[in-house]
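Student: I am new to this structure and would like a close look at one part of it. Could you take me through the salt bridges, with some care about where each partner sits?

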Amino acid sequence: MQKINLSETIIVYDFIPSIAKIDRLSIAKTIHKNKVTNDIFDVKHQYHKVDWTQSVQWFDSYVVDHFGEAYDYAMYMLEKDSFFALNQPKNTSIDWHTWFNPNDIKSSPDWICIYPLTDIEEKTELMLEYTDNRVKLNYWKLPIESNKFIMFNGDLRFKITNNNNDNDINYLVMKYQSK
């Protein structure tokens, strides 16, 4: 008997060790005030540009190296503008959305990575919507914690639950493609 795995839906998360020297606050300081686009129908409407800094480069290298080594996936950043900041003001949630575009699969990411740039006292949760063959609309919750990155398949819809902290939470969001 032979088995062929046609697809796989996975969530990968880990904490960045202090030895990686990624300065989350310096990344947060480079977030632009203007949105990536003013088109409310574009997923980028919720996102802000962020400058490419040494800490962003180190974070990218850490994720690519460790994800590739642990799961035997070679990946690279999808395009030049594949990293954004997402701001979640206090007492708000981030609505359901996806980066997957069925009309432009080539430009759609295989992987999304979310990394909080702010210390989180009251945990928020990342909710993912996925299908399991005939069983549709399954949901998985994963707590978002300080210094913890979360990667998941790029075709999944996701949202971030209400921010009950006393301050805004900023996230670094990166899109990746498999090689």
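Tutor: What follows goes through the salt bridges one pair at a time. The model is predicted, with a mean pLDDT of 90 for the chain and 98% of its residues at 70 or more. Confidence is lowest in strand S4 (residues 75–77), at a mean of 77, and highest in strand S11 (residues 157–160), at 96.

The count comes to 5 salt bridges. In one of them, the side chains of Arg24 and Asp119 meet at 2.6 Å, N to O. Arg24 belongs to helix H1 (residues 24–29), whereas Asp119 is in the loop between strand S7 (111–116) and strand S8 (124–132), so this pair ties together parts that lie 95 residues apart in sequence. Arg24 is buried, at 16% relative accessible area, while Asp119, at 48%, is partly exposed.

Strand S8 itself supplies a partner to another pair, in which Glu125 meets Lys141 at 3.6 Å, N to O. Here Glu125 in strand S8 is linked to Lys141 in strand S9 (residues 135–144), 16 residues apart. Glu125 is partly exposed at 26% relative accessibility, and Lys141 is partly exposed at 48%.

A further salt bridge joins Glu129 and Arg157 at 3.2 Å, N to O. Because Glu129 lies in strand S8 and Arg157 in strand S11, the pair ties together parts 28 residues apart in sequence. Glu129 counts as buried, at 15% relative accessibility, whereas Arg157 is partly exposed, at 32%.

Finally, Lys123, Glu145 and Lys148 are linked in a network of salt bridges.

Key
Residues are numbered from 1 along each chain as its sequence is written. This is a predicted model: local features need pLDDT of at least 70, side-chain atom pairs count only at pLDDT 80 or more; totals for chains, interfaces and linings use all residues. Side-chain values use heavy atoms; hydrogens and water are left out. pLDDT is the predictor's confidence in each residue, from 0 to 100. Helices (H or I, at least four residues) and strands (E, at least two) are DSSP runs, numbered from the N terminus. A salt bridge is a side-chain nitrogen of Lys or Arg within 4 Å of a carboxyl oxygen of Asp or Glu. Buried means under 20% relative accessible area, exposed over 50%, partly exposed in between (1.4 Å probe, protein chains only).
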